[in-house]
Amino acid sequence: MRTAWTCPVCGGNSVGRVGQNQYFCRDCFLEFSPVKDGYRIYEVKDDGSLLAWEDGISG
Ligand SMILES: [Zn+2]
């Protein structure tokens, strides 16, 4: 179990856990969820809703 996360988008480490399998990067204001083949990336919109990127990040 990893306890520290690096943002898969910007590489920063200002990452906080916001859900059971969901993390938020304070540097680029994106949420991400680790999945088996990479990450799903979500933009947080002004109203607080999430917009999933069409393509995740593999790795
Ligand atoms: Zn980031």
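## Close-up views of a six-strand protein

**View 1. The largest nonpolar core.** In this predicted model, the largest nonpolar core is built from 7 residues: Cys7, Val15, Cys25, Leu30, Phe32, Tyr39 and Ile41. Two elements, β3 (30–35) and β4 (38–44), each give two or more residues to this core. As background, nonpolar side chains in soluble globular proteins tend to be buried together. Which residues does Tyr39 touch, once those up to four places away in sequence are set aside? Tyr39 touches Pro8, Phe32, Ser33, Pro34, Gly56 and Ile57. One of these, Phe32, is itself listed in the core.

**View 2. The whole chain, for orientation.** Let us step back for a moment before the next close-ups. The protein has 6 strands and 0 helices, so its pattern along the sequence reads β-β-β-β-β-β. Its radius of gyration is 11 Å, close to the 10 Å that the globule rule gives for 59 residues, so the protein is as compact as a globular protein of that length. Taken along the principal axes, the C-alpha atoms fill a box of roughly 30 × 20 × 20 Å. Of the 59 residues, 15% are buried. Among contacts between residues at least 6 apart in sequence, 5% join residues at least 24 apart.

**View 3. The hairpin of β1 and β2.** Strand β1 (residues 15–19) runs antiparallel to strand β2 (residues 22–25), and 4 bridges join the two. They form a hairpin with 2 residues between them. For a pair to pick out on screen, try Arg17, whose bridge partner in β2 is Tyr23.

**View 4. The hairpin of β2 and β3.** Strand β2 also pairs with β3: the two run antiparallel and are joined by 3 bridges. Here the bridge partner of Phe24 is Glu31, in β3. This hairpin has 4 residues between its strands. Where does Phe29 lie? Phe29 lies in the loop between β2 and β3, and its phi, near 55°, is a positive value in a residue other than glycine. Is Phe29 buried or exposed? With 12 other C-beta atoms within 10 Å, Phe29 is exposed, because a residue with 12 or fewer such neighbours counts as exposed.

**View 5. Tyr42 in strand β4.** Tyr42 is found in strand β4. Leaving aside neighbours within four places in sequence, Tyr42 is in contact with Leu30, Glu31, Phe32, Leu50, Leu51 and Ala52. Among these contacts, Leu30 and Phe32 also appear in the list of core residues. Why does Tyr42 count as partly exposed? Tyr42 has 18 C-beta neighbours inside 10 Å, so it falls between the limits of 12 or fewer for exposed and 20 or more for buried. Measuring from C-alpha to C-alpha, you will find Tyr42 and Gln22 9.8 Å apart in space, with their positions 20 residues apart in sequence.

**View 6. Asp47 in a loop.** Our last stop is Asp47, which lies in the loop between β4 and β5 (50–52). Asp47 is exposed because 5 other C-beta atoms lie within 10 Å, and the limit for exposed is 12 or fewer. From Asp47 to Gln22, the C-alpha to C-alpha distance is 18 Å, and the two are 25 residues apart in sequence.

Definitions and conventions:
Residues numbered from 1 in each chain as written. Predicted model: local features only at pLDDT ≥ 70, side-chain atom pairs only at ≥ 80, totals over all residues. Core = buried A, V, L, I, M, F, W, Y, C linked by C-beta atoms within 7 Å. Contact = placed C-beta atoms within 7 Å. Pairing = 2+ DSSP bridges. Rg over C-alpha atoms; globule rule 2.2 N^0.38 Å.
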